[in-house]
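User: I've got a model loaded here and I'd like to talk it through with you. Can we start with the surface and then work inward?

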Amino acid sequence: MSKLMCDLFFHFFNQDVLNTIVLATNAKAHELVVREKTSFRTAEATDPQDDLFNCTAGLHARHRAPDLVRNPLTVHELVCFLGIRIVMGGYWSARLEDYW
């Protein structure tokens, strides 16, 4: 049964699809943004870029996801994440504590 589930998973999420998702996620993480109140906007040439890994609020450019810049997403991590999401989507429990 588990081999059938894995084969079905990799039928829809083949290596090309997984690589595309990983590359797009890592590219989005490298995007420079500026935090403004509760949202982000794309950084402009006039925004100061002193510390690209600075996560604090303020008008300075930083990477959208500094942790992903330091440790880029891998295909293995993506497969684990998608697998957990699929399994959790098919598992029902009356108590929230059962999901953790």
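Analyst: Sure. Accessible areas here come from the Shrake-Rupley method with a 1.4 Å probe. One thing to keep in mind is that this is a predicted model.

User: Good. What percentage of the accessible surface belongs to carbon and sulfur atoms?
Analyst: The accessible surface of the protein comes to about 7700 Å². Of that area, the share belonging to carbon and sulfur atoms is 63%.

User: And what pattern does the protein follow along the sequence?
Analyst: There are four helices and three strands to place. Reading along the sequence, you get α-α-β-β-β-α-α.

User: How do strands E1 and E2 run, parallel or antiparallel?
Analyst: E1 covers residues 32-36 and E2 covers residues 39-42, with four bridges joining them. Together they form a hairpin with two residues between the strands, and Lys 37 in that turn has a positive phi of about 55°. As for direction, the two strands run antiparallel.

User: Which residue in E2 stands opposite Val 34?
Analyst: Stay with the hairpin that E1 and E2 form. Look across from Val 34 into E2, and the residue standing opposite is Arg 41.

User: Now the largest pocket. Which element gives the most to its lining?
Analyst: The pocket has a volume of about 230 Å³. Two elements give two or more residues to its lining, helix H1 (2-12) and helix H4 (75-90). Five residues come from the one that gives the most, H1.

User: How many residues of that lining are charged?
Analyst: The lining is made up of Met 5, Cys 6, Leu 8, Phe 9, Phe 10, Gly 83, Ile 86 and Val 87. Seven of these are nonpolar and one is polar. Gly counts as polar, so the polar one is Gly 83. The number of charged residues is zero, or in other words, no charged ones.

User: Next, Asn 26. Is that residue buried or exposed?
Analyst: Asn 26 is found in helix H2, which spans residues 15-30. The cut-off for buried is under 20% relative accessible area. Asn 26 has 13% relative accessibility, so it counts as buried.

User: Which residues is Asn 26 in contact with, leaving aside neighbours within four places in sequence?
Analyst: We start from H2, where Asn 26 is found. With those sequence neighbours set aside, its contacts are Leu 68, Pro 72 and Leu 73.

User: Last one: what percentage of the residues count as buried?
Analyst: Asn 26 is one residue that counts as buried. Over the 100 residues of the protein, the buried share is 20%.

How values were computed. Residues numbered from 1 in each chain as written. Predicted model: local features only at pLDDT ≥ 70, side-chain atom pairs only at ≥ 80, totals over all residues. Heavy atoms only, no water. Pairing = 2+ DSSP bridges. 1 Å grid on protein atoms, 1.4 Å probe; cavity = no way out; pocket = protein on both sides within 12 Å on 5 of 7 lines; lining within 4 Å. Points joined across faces, edges and corners; volume = space filled by probe spheres on them. Buried < 20%, exposed > 50% of the residue type's maximum accessible area, 1.4 Å probe, protein only. Contact = heavy atoms within 4.5 Å.
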